[in-house]
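The following exercises concern salt bridges and the burial of charged side chains. Each task is followed by a solution in steps.

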Amino acid sequence: MNAPKDRARIVAIGTHIPSRRISNVERAPAFKIDPTFLENKIGVLERSIKDESEAASDLCVKAFHDLTEKTPIDLGSIKLACVVTQNPDRRVPHTAAIVHQKLGLEKSCATFDISQGCAGYTHGLAITTALLETLAPGKALLFTCDPYSTIVDPNDKGTALIFGDAASVSVLSKDEPGYALIDSDFGTAPNSYECLIHDGQRLNMDGRQVFSHAAREVPQSIQRVLERNGLSTREVDRFLLHPGSKYIIDFLRGALGLDATKVPFEIERYGNTVSSSIPILLKENLRRNRDARVVLSGFGVGFSWGTNLIELQP
């Protein structure tokens with residue numbers, strides 16, 4: 001393990017949530033969904049939707065601009081740029097190369113994409129942390145962006161009221177205080193990939209299967225990480241779990257025996273933003289609380305999951 005001074009840390013997060021909204025309250029009657037179910041089970045009252053002309057790289061650049069409004073960044077210090085997305089601008093090249101050009105990053109900056117969904121941030125954090133800790137001094141940018149408005153059928157009851165568009169960028173540095181990655185747990189349920197799949201025309205989701213996998217695997221994944229580090233749930237300040245729906249978050253909160261204040265659910269006004277959901281929550285946590293110890297857990301497409309234990313370090 002690296003000495004504390006050599007550990008990569010999350011030092012700042014920028015986000016972009018498009019201002020355009022589609023009301024689920026107005027659309028729900030068409031699917032014969034009543035307001036109580038919409039609010040208490042799905043938990044999404046309106047969804048953020050990007051402009052049709054925007055691609056994933058455009059949303060990533062807007063998240064970067066949100067970041068630099070508050071945290072000036074020396075572009076020459078960026079040694080690594082990673083984009084987590086399953087909705088890239090093009091099949092070739094990778095979206096990170098397009099973001100690299102739009103931001104004017106330097107020749108010495110490595111770029112690559114990670115094809116992951118709702119567990120994408122947890123995977124991306126582990127990979128970029130490991131790479132940055134092997135590189136010369138510098139920073140890494142970890143982007144997330146999955147504009148599902150391009151693949152969801154607006155008339156599909158199973159997906160039309162859940163997903164929103166957004167992007168995020170996390171800055172990782174070895175030279176500043178922030179959240180360091182302490183431990184991770186990853187996995188993929190055998191014979192499960194068809195539970196959430198794009199068939200070339202639209203996104204199809206077997207909600208019952210997704211819930212079943214999440215209910216079984218996520219609590220076990222979190223407990224494995226805590227046990228390896230000699231921790232109980234009482235010794236973790238916040239659990240930022242991928243907010244697939246209010247129903248699944250309420251179930252996981254109960255399964256882990258956690259108080260509601262420890263497991264925020266804040267997507268009512270923009271929806272499930274896939275790989276961006278956890279960094280959006282983490283940004284708010286950085287702004288409001290700066291908790292000393294946090295667990296992140298993402299799950300979904302694959303069916304895959306990833307859990308990170310992070311701690312605030314000077």
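**Exercise 1.** Determine how the side chains of Arg224 and Asp185 interact in this predicted model, and where each residue lies.

*Solution.* Step 1: the two side chains form a salt bridge, with an N to O distance of 3.0 Å. This value satisfies the criterion, because a side-chain nitrogen of Lys or Arg must lie within 4 Å of a carboxyl oxygen of Asp or Glu. Step 2: Arg224 belongs to helix 6 (residues 207–228) and Asp185 to strand 8 (residues 178–188); the pair, 39 residues apart, links distant parts of the chain. Step 3: Arg224 has a relative accessible area of 31% and is therefore partly exposed. Asp185, at 9%, is buried, since buried means under 20%.

**Exercise 2.** Locate the partners of the salt bridge between Arg202 and Asp153, and classify the accessibility of Arg202.

*Solution.* Step 1: the N to O distance between these side chains is 3.0 Å. Step 2: both partners lie in loops, Arg202 between strand 9 (196–198) and strand 10 (203–205), and Asp153 between strand 6 (139–145) and strand 7 (167–173). With their positions 49 residues apart, they link distant parts of the chain. Step 3: a relative accessible area of 27% makes Arg202 partly exposed.

**Exercise 3.** Analyse the pair Lys70 and Asp66, and state which further residue joins them in a network of salt bridges.

*Solution.* Step 1: the closest N and O atoms of the pair are 3.2 Å apart, and a salt bridge is formed. Step 2: the residues are separated by about one helical turn, because they are four residues apart in helix 3. Step 3: Lys70 counts as exposed at 59% relative accessibility, as the threshold is over 50%. Asp66, at 16%, counts as buried. Step 4: Lys283 is linked with Asp66 and Lys70 in the network.

**Exercise 4.** Is Glu54 buried or exposed, and which residues does Glu54 touch when those up to four places away in sequence are not counted?

*Solution.* Step 1: Glu54 is located in the loop between strand 3 (46–48) and helix 3 (56–70). Step 2: its relative accessibility is 11%, so Glu54 counts as buried. Step 3: with that sequence restriction, Glu54 touches Leu59 and Lys62.

**Exercise 5.** How many salt bridges does the rule applied in Exercise 1 give?

*Solution.* The count comes to 14 salt bridges. Among them are the pairs Arg224 and Asp185, Arg202 and Asp153, and Lys70 and Asp66.

Terms used:
Residues numbered from 1 in each chain as written. Predicted model: local features only at pLDDT ≥ 70, side-chain atom pairs only at ≥ 80, totals over all residues. Heavy atoms only, no water. Helix = DSSP H or I, 4+ residues; strand = E, 2+ residues; numbered from the N terminus. Buried < 20%, exposed > 50% of the residue type's maximum accessible area, 1.4 Å probe, protein only. Contact = heavy atoms within 4.5 Å.
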